[in-house]
Amino acid sequence: MELKREDIQVLRTKSRATSQVTFDADYNVPDVKPDIGRMIQNKGNVSVEEVRLNDGHAFLKGNLQVDLLYVGDEEGRVNSLSAKLPMEETMNLEGIVSGDKLCLQWEIEDLSIHLIHSRKLNIKAVVTFYAAVDELSGIRLPVSLEDENISVQKKTMRLLDLAIHKKDTLRLKEEVELVSNKPNIVELLWYSLEVRGLDLRPEENVVKAKGELFLFALYRGDNEGETVQWLENSIPFSSEVECNGCTSDMIPNFASSVINQSVEVKPDSDGEERILVTDLVLELDIRLYREENFDVIMDVYTPFCQCIPKCRNEVMESLLVRNFSKCRVSDRIEIKEMQGKILQICHSQGKVKIDKTKIVKNGIQVDGIVQMKVLYIMGNDDMPFYSTEVMMPFSHMVEAQGIRDDSVYYFHTELEQLATSMIDSNEIEVRAVVSLNALVLQCREEKIIESIEEQPLDMEKIRSMPGITVYMVKQGDTLWDIAKKFYTTMEEIISMNDLEDDKVSSGQPLILVKKVES
């Protein structure tokens, strides 16, 4: 008994692991750098240079780069330095083998720098790595049967079929020229590069990317006294990544992470150091689904032989909801510096950290924080630059009608907007917009028929049954169940009882004629 089938592709989790790497190292200030008088701001970035997979393990090799902006001890000049801390880690991932695809993400949980003395620092950090290996699995759905003498019971399922799963990189390279009233660049001291409002959309054979690249740069100018200058620039971008087979009606599940970034200085057409070249590389994890209806055979029956379906359990995924939610966060920060009053805010940057998510009635409760750093100037000519760190907690419910405890959801969060303004010389107001984009899948386990075994009928049982029966429909009965029990067909019952369709109600009498001759 041959079943015709249609295939769908799903991703199954093969292995997941989390690992923490702790850094605790002393670092000597290079001889070419002046003594440290006061630290202003620091930042960290992880670069993974090598990933090797073998049986049950993933080996990682890379560096934690720590940058420090500080004021010199004697001169009172602003300087910066960079330290690279090597890292090697082995993660246990059960079941993986060489050739599997590893999805690796990381987060710097804590970074602190302590001044031992003016020429020596202690650097502490905790980096958490999240590793996942997914494998593509095919599900074969029985959709039709060639034998017309066999009745089939079908169920319409609206399912997600994974059409495309790939990784790619998006490179954003831009040039920013200094405005005419800014002096030339002698030394680039500090920079931050952020992508905000990233919008990834599937189009015909490409994935379109739009957003803004935010650049902040602090540099020493070539004017008298080589004063510290800064600039902020927002650069809109529009780019695309090739994706064969992609269409605009597919359901996307994108994830992105910055894997490399740099800012360099280059001369303009006159040979003056006035151009900043930004280079940022995003790694994209692209998953695109088709949503389709499948009429799946759930049971088979014929009055002429006994059909025994051989089934297996499969977890099927369907789309419940896509929700593009936003959460507004605001706070006031009181600056308690004794050196003077705030004169101007130079720059603010932040990132979103999700602490906990939980499925609640008709939604997902999200709790997290916006971690911010604000660089500002105070009324002190000797040491004007200061920085403060802010943690703004938020709690938000992303609506998802019908969500259940067994639902699967994917979150993509980013800091979409960030603005800081001075209320007065001692207080700063911070306003942020956090985007919480959720894709929620409903999972359910279904019995899928793999094959059908045919066996002879139990003729003794059939002979003991009357040829014609009047049956009173009971609560919960379906026409399919009745036909199967009394060795007839649904079509025969509908014709014999002048029914309009296959719907029956409790207490309804039906004339049943056995189709099997004893």
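This note goes through two sheets, a nonpolar core, a pocket and a few single residues of a predicted model.

1. The sheet S2-S3-S4. Three strands make up an open sheet in the order S2-S3-S4, and their pairing is antiparallel. Strand S2 (36-54) and strand S4 (78-92) stand at the edges with a single partner strand each, so one side of each is left without a neighbour in the sheet. From one strand to the next, the twist averages 15°. Strand S3, which spans residues 57-72, pairs with S4 in the antiparallel sense over 15 bridges, and within this part of the sheet Val66 stands opposite Ala83 in S4.

2. The sheet S1-S6-S5. Another open sheet of three strands has the order S1-S6-S5, again with antiparallel pairing. Its edge strands are strand S1 (3-28) and strand S5 (102-117), each of which pairs on one side only, and the twist here averages 5° from one strand to the next. Strand S6 (residues 120-145) runs antiparallel to S1, to which 25 bridges join it; in the register of this pair, Leu3 has Leu145 in S6 as its bridge partner. As a general reminder, the strands of a sheet pair through backbone hydrogen bonds, in either a parallel or an antiparallel sense.

3. The largest nonpolar core. This core holds 33 residues, of which Phe23, Leu64, Leu81, Leu93, Leu102, Ile123 and Phe129 touch the most other members. At least two of its residues are supplied by each of S1, S2, S3, S4, S5 and S6, and the largest share, seven residues, comes from S6. The strands named in the two points above therefore recur here as contributors, since S1, S2, S3, S4, S5 and S6 each supply at least two residues of the core.

4. The second largest pocket. About 240 Å³ of space lies in this pocket, which is lined by Val300, Tyr301, Thr302, Cys305, Gln306, Cys307, Leu457, Asp458, Lys461, Lys484, Lys485 and Tyr487. Two or more lining residues are given by each of strand S12 (273-301), strand S13 (306-334) and helix H2 (479-485). By character, the lining divides into six nonpolar, two polar and four charged residues.

5. Two residues with positive phi. Most residues other than glycine have a negative phi, and a reviewer may wish to look at the following pair with that in mind. Glu226, in the loop between strand S9 (206-221) and strand S10 (228-242), has a phi near 45°; its relative accessibility of 31% lies between the limits of 20% and 50%, and Glu226 therefore counts as partly exposed. Tyr487, found in the loop between H2 and helix H3 (490-496), has a phi near 55°. Because its relative accessibility is 11%, which is under 20%, Tyr487 counts as buried, and Tyr487 is also one of the residues that line the second largest pocket.

6. Ser15 and the distance to Lys514. Ser15 is found in strand S1, and at 7% relative accessibility Ser15 counts as buried. Along the chain, Ser15 and Lys514 are 499 residues apart, and the separation of their C-alpha atoms in the predicted model is 54 Å.

Conventions: Residues numbered from 1 in each chain as written. Predicted model: local features only at pLDDT ≥ 70, side-chain atom pairs only at ≥ 80, totals over all residues. Heavy atoms only, no water. Pairing = 2+ DSSP bridges. Helix = DSSP H or I, 4+ residues; strand = E, 2+ residues; numbered from the N terminus. Axes fitted to C-alpha atoms, helices over the stretch in contact; angles between N-to-C directions. 1 Å grid on protein atoms, 1.4 Å probe; cavity = no way out; pocket = protein on both sides within 12 Å on 5 of 7 lines; lining within 4 Å. Points joined across faces, edges and corners; volume = space filled by probe spheres on them. Nonpolar A, V, L, I, M, F, W, Y, C, P; charged D, E, K, R; others polar. Core = buried A, V, L, I, M, F, W, Y, C linked by side-chain atoms within 4.5 Å. Buried < 20%, exposed > 50% of the residue type's maximum accessible area, 1.4 Å probe, protein only.
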